[in-house]
Amino acid sequence: MQRSHLAAASAVALLALPFAPVPDFWITQLNYIGLFSLVVLGLVLLTGVGGLTSFGQAAFAGVGAYATGYLTTVMGLSPWLGLVAGLAITLVLALAIGALTLRMSGHYLPLATICWCLALYYLIGNLEALGKYDGLLGLPALTVGDFSFQSERRIYGLIWVAALLAAVGVTRLLDSRPGRIMRALNTNRGGGSTMPEAMGASTFRHKLTMFVVAALLACVSGWLYAHMQRSVNPSPFGIKFGIEYLFMAVLGGIGTVGGAFTGAALVKLAEDQLKVVLPLVFGGSGNYEIIVFGVVLVLVLRFAPEGLWPLISRLIARWLPARGSRAVDEHAPRLSARSHPPRGAALLEVRQIRKQFGGLTAVNDISFSIQAGDIVGLIGPNGAGKSTTFNLISGVLPLTSGEVRLLGQRVDGRGSREIARAGLSRTFQHVKLVPDMTVLENVALGCYLRTQSGTAAAMLGLDRAEEMQARAEALRQLRRIGLEAQAHELAGNLALGPQRLVEIARALASDPSLLLLDEPAAGLRHKEKQALAEVLKQLKAEGLSLLLVEHDMDFVMKLTDRIVVMEFGRWLMEGTPAEVQASPAVRAAYLGADDLPDERRAAPKPAGISSGDRSMDSSNEGQA
Ligand code: ADP
Ligand code: MG
């Protein structure tokens, strides 16, 4: 038996429960657990995976409940129309709220979610048409043909089918083209927008998608709730429930589908027990369970910060082996490839590019060009402006002046997503892999622009053929760099050297016309450097065009056709490796840099700026 079989067996058992002599009390409990799980599954995606904290999910459940409440009681329409209307309103609302708030960073987003949750709550509570704080009564039961879901035992099936389908959808989504981008976004786990954008993905669009999916799941929960209760009032949709949903997600194991169900079940069951027990202890009535939840949350965050599901999951793994890594069908049809320029054609032209940071000219009118098939090195002492030049070319930084052309098209000022589309791919000086994704998945992320499947296709499982192609391509690229054997390991478990190679494979997976490498040898041990040099030599033999930005002179000498040398932001010389090696000016620049008095070398750098000579730990910061 495999874990997927266990999951399927549990699902069948759950759905069969109402046919067994289970007391009504437990059916009701399970109904609530299913309804909560639906909302929490959205939070798994939004907060656990995407790192976007929302206290406002209860409000979207409210939209689902009130839309159907109003349409069925006031207008006499069918509950199914109520569902459609609720989903439509939620979609519009989530798009609008998301567009306004998702660009906010840090704690502004959670604060904004509290604001709109409160706003919607008071709006609902004050609208005459929605019955103010008394709400709407007498909602009809859901029916399909002649069958009515009027009893708790009957609506149970509907609730759990919805919850389980949502679980399948979210699981599939996480293992898909858009899902890989979503998993790369979480800044709490070292992710961010730079890498996904460099792969050609719009990070904002993916955040918005997660937000909308989470809102729609909450809306469905609200709709089911309204027809289970046969009435709606504002209280279950206020901020208290918004917080409670987040509590369930954290307690269960935020970021895991199993955690959504675990958290919902634990909170619901504990709440009921505590409501009975605590008044006996404290005397009198009151919401004492809130106090207990607060204490439990602190304990969980302290001792099991990943939540409870990972612990349970590990227990299950003891007697049931973890799901075998998904086989890769190597005979899957290849992904479309771009037509590359013939050897010697103009590939990259950099003309007089300049970058000023306030008074500092980090890159001072640098020009050079790369022909197809060239391997060009950009070297210079620390602080020479190499990384800044790299960022100007790859679109991470805007230029102060100058021009960059890729395959004849102007790309300066276009942003890294567009530049990736034009055929440039890159790696990062500070490795940016998604540590809790496998090596293969990380490389498949590089296929983003060569594939099409969106979120809906992924959730419905319609992307499987294309997924196979992407995985086969990822495996091919891993073989190209000699890491095929590690394909199914977690990327975070690799040493820095192999991680750098995985970044190269990911960049290659986009089928680039030009590959830019930023200090690929920084922080590597001797053996790792040799392995990297071998891979680069082989890529060179295959005719790939490369721009290698490197601090380590010896490393570039053996690999490049031509070298551009920078010093203090200026162009110092350009020539063959032999010419550069023989140049007194270059030697002076390198020696001079090492002879600089300490205070100049230690000049403070702005946060987040990479410097060439940082070793292992800082080079590895993306993994933290
Ligand atoms: P290299 O990669 O050659 O070591 P960089 O391009 O990182 O050099 O930096 C060149 C100069 O520009 C350094 O003096 C650095 O402090 C400065 N610099 C780089 N990025 C920024 C920034 N975002 N703001 C201000 N100064 C910067
Ligand atoms: Mg640098």
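This passage looks at the surroundings of Asp365 and then at the internal cavity of a predicted model.

Asp365 makes a convenient starting point. The residue belongs to strand β6, which spans residues 360–371. With a relative accessible area of 28%, Asp365 counts as partly exposed, because that class lies between the 20% limit for buried residues and the 50% limit for exposed ones. Once its neighbours within four places in sequence are set aside, the contacts of Asp365 are with Gln352, Ile353 and Arg354. Arg354 deserves a second look here: its side chain and that of Asp365 form a polar contact at 3.1 Å. A longer view along the chain brings in Ala166, which is 199 residues away from Asp365 in sequence. In space, the C-alpha atoms of Asp365 and Ala166 are 54 Å apart.

Attention now turns to the interior. The structure contains 1 cavity of 30 Å³ or more, and the space within the largest cavity comes to about 40 Å³. Its lining is made up of Ala198, Ser394, Ser416, Ile419, Ala420, Leu424, Ser425 and Arg426. Two or more of these residues come from each of helix α15 (416–421) and strand β10 (424–426). Sorted by class, the lining of the largest cavity comprises 4 nonpolar, 3 polar and 1 charged residues. Arg426 is the charged member of the lining, while Ser394, Ser416 and Ser425 supply the polar ones. The nonpolar part consists of Ala198, Ile419, Ala420 and Leu424.

Note on methods
Residues numbered from 1 in each chain as written. Chains lettered and ligands numbered in written order. Predicted model: local features only at pLDDT ≥ 70, side-chain atom pairs only at ≥ 80, totals over all residues. Heavy atoms only, no water. Helix = DSSP H or I, 4+ residues; strand = E, 2+ residues; numbered from the N terminus. Buried < 20%, exposed > 50% of the residue type's maximum accessible area, 1.4 Å probe, protein only. Contact = heavy atoms within 4.5 Å. Polar contact = N/O pair within 3.5 Å; in protein donor to acceptor, adjacent residues only side chain to side chain. 1 Å grid on protein atoms, 1.4 Å probe; cavity = no way out; pocket = protein on both sides within 12 Å on 5 of 7 lines; lining within 4 Å. Points joined across faces, edges and corners; volume = space filled by probe spheres on them.
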